[in-house]
Amino acid sequence: MMGVVGIASSGELLGHNENVSLQQSLMKLGCRSQVVDWQNPEVNWASFDCVIVRTTWNYSWHLEEFLAWAKRVSQVTKLFNTYETLLWNSTKTYLRELEEEGISVVPTVWAEKGSRTVLSEVMSTKGWNRVIVKPTVSAGSRNTHRIPSDCSTEQDFSNLVAERDMMVQPYIDAVESRGELSLLFFGGKHSHTFWKIPKPGDFRAHPKYGGTFTYEPNTPPEAMAMAHRILAAANRILIKKYSLSPLLSPQLTFYARIDFLVIPNNNADMSSPSSSCSSSSSSSFALSELEVCEPNFYSEQYPPCADNVASALLSIMGHSGP
């Protein structure tokens, strides 16, 4: 008999649809759950059969505290995803490790804190007219900037690098029209796919900047195949990096959101989300983010999502429902 599932959230988001819908789906399967604030010191995490990290969306402001919390929880119950996964995924340098595993990622120059990285030199060397700069630890597009070729914000970039590790990537024009393609996986199985599209004139697809989500019923085969390669590579990295048992693989990336940028080749027409991206001659996919820390599942936009999460969670816990 399955006990109680802990759903970790931040205090202001306890009633968020992502949490409520999951609770309802678990209940339908005969499983009790409780949404709890990860920063609440009164919570007895050992009382849960497992804890799933959900809307802990303030974690990047409290990274050391969050990782210490995850380590404590992992020592008293099953944590999804694992502490090691959260530790690895909380810093965007994981993209470099995935690239070393043969995964195509958006080209990136890494600027370490305190380094003398000159933005104009990076852009000139790489032949990038416009770039995106962002911290290696961030969420929700916070401190993410689009920089034009005149480098008028060189001093601003220097100030950022003086305080934190940064990353520089070429600006992909097609992001304004196509946005990002996001694939959601639970228990290793694909659940649903969305386009995340910025509002006109912007490049950030996050809803707080006016971005919108469009359900994609026909996931491009190339994106699906690449997503499976990414999950396999992530598991290999985690097992080797933290000396983990391969038996932990299902728990390492139990939930995952894989965000791709569609990069047009030559004269491909990328003017709308409905244009074809299935042909390698017209476009290619590059990994933008692998979100295995606390991704938005888009449960509200795709109602079956919560049922998929609940079923996969109970399956991995060895409970098939009532």
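Select Phe185 and His190: in this predicted model, Phe185 stands opposite His190, which belongs to β10. Widen the selection to strands β9 (180-186) and β10 (189-197). The two strands form a hairpin with two residues between them. Stop at Gly187 in the turn, where phi is positive, about 60°. Along the hairpin, β9 and β10 are antiparallel and share seven bridges.

Stay on β10 and colour by accessibility. Seven of the nine residues in β10 are buried, and the strand is mostly covered. Next add β11, residues 212-215, which runs antiparallel to β10 and is joined to β10 by four bridges. To find one of these pairings, select Phe194 and Tyr215: Tyr215, in β11, is the bridge partner of Phe194.

Now go to helix α10, residues 304-316. A distance from the first C-alpha to the last gives 19 Å for the 13 residues, close to the 18 Å expected at 1.5 Å a residue. Show side chains for Cys305, Ala306, Val309, Ala310, Ala312, Leu313 and Leu314, which are buried in α10. What lies over them? The cover of the buried α10 residues includes β1, α1 (17-28), β3 and β4, along with the hairpin strands β9 and β10. After α10 comes Gly318, with a positive phi near 80°.

From that cover, move to the sheet that contains β1, β3 and β4. Four strands make an open sheet with parallel pairing, and reading across gives β2-β1-β3-β4. Its edges are β2 (32-37) and β4 (78-80), each of which pairs on one side only. Viewed along the sheet, the twist from one strand to the next averages 25°. At the β4 side, select β3 (residues 50-53): three bridges join β3 to β4, and the two run parallel. Here Ile52 stands opposite Phe80 of β4.

Add helix α2, residues 63-74, which lies across β1 (4-9), β3 and β4. The angle between α2 and β4 is about 140°.

Between α2 and β4 there is a loop; select Val76 in it. Is Val76 buried, partly exposed or exposed? Its relative accessibility is 44%, so Val76 counts as partly exposed. Beyond neighbours within four places in sequence, Val76 is in contact with Trp45 and Ala46. Ser47 is 29 residues from Val76 in sequence, yet their C-alpha atoms are 8.7 Å apart.

Trp45 leads to the aromatic residues. Select Trp38, Trp45, Phe48, Tyr59, Phe66 and Trp69 together: they form one aromatic cluster. The whole structure has 17 aromatic pairs. One of them is Trp45 with Phe48, a tilted pair with centres 6.0 Å apart and planes at 50°. Why does this pair count as tilted? Planes under 30 degrees apart count as stacked and those over 60 as edge-to-face, so the rest, being in between, count as tilted. Both rings belong to residues under the 20% limit for burial: Trp45 is buried at a relative accessible area of 10%, and Phe48 is buried at 6%.

Finish with two places where a charge meets a ring. Select Arg54 and Phe297: the charged end of Arg54 sits over the ring of Phe297, 3.5 Å from the ring centre. Then select Arg96 and Trp110, where the charged end of Arg96 sits over the Trp110 ring at 5.0 Å from its centre.

Notes:
Residues numbered from 1 in each chain as written. Predicted model: local features only at pLDDT ≥ 70, side-chain atom pairs only at ≥ 80, totals over all residues. Heavy atoms only, no water. Phe/Tyr/Trp six-rings, centres within 6.5 Å; stacked < 30°, edge-to-face > 60°. Buried < 20%, exposed > 50% of the residue type's maximum accessible area, 1.4 Å probe, protein only. Lys NZ or Arg CZ within 6 Å of the ring centre and 35° of its normal. Pairing = 2+ DSSP bridges. Axes fitted to C-alpha atoms, helices over the stretch in contact; angles between N-to-C directions. Contact = heavy atoms within 4.5 Å. Expected span 1.5 Å × (residues − 1).
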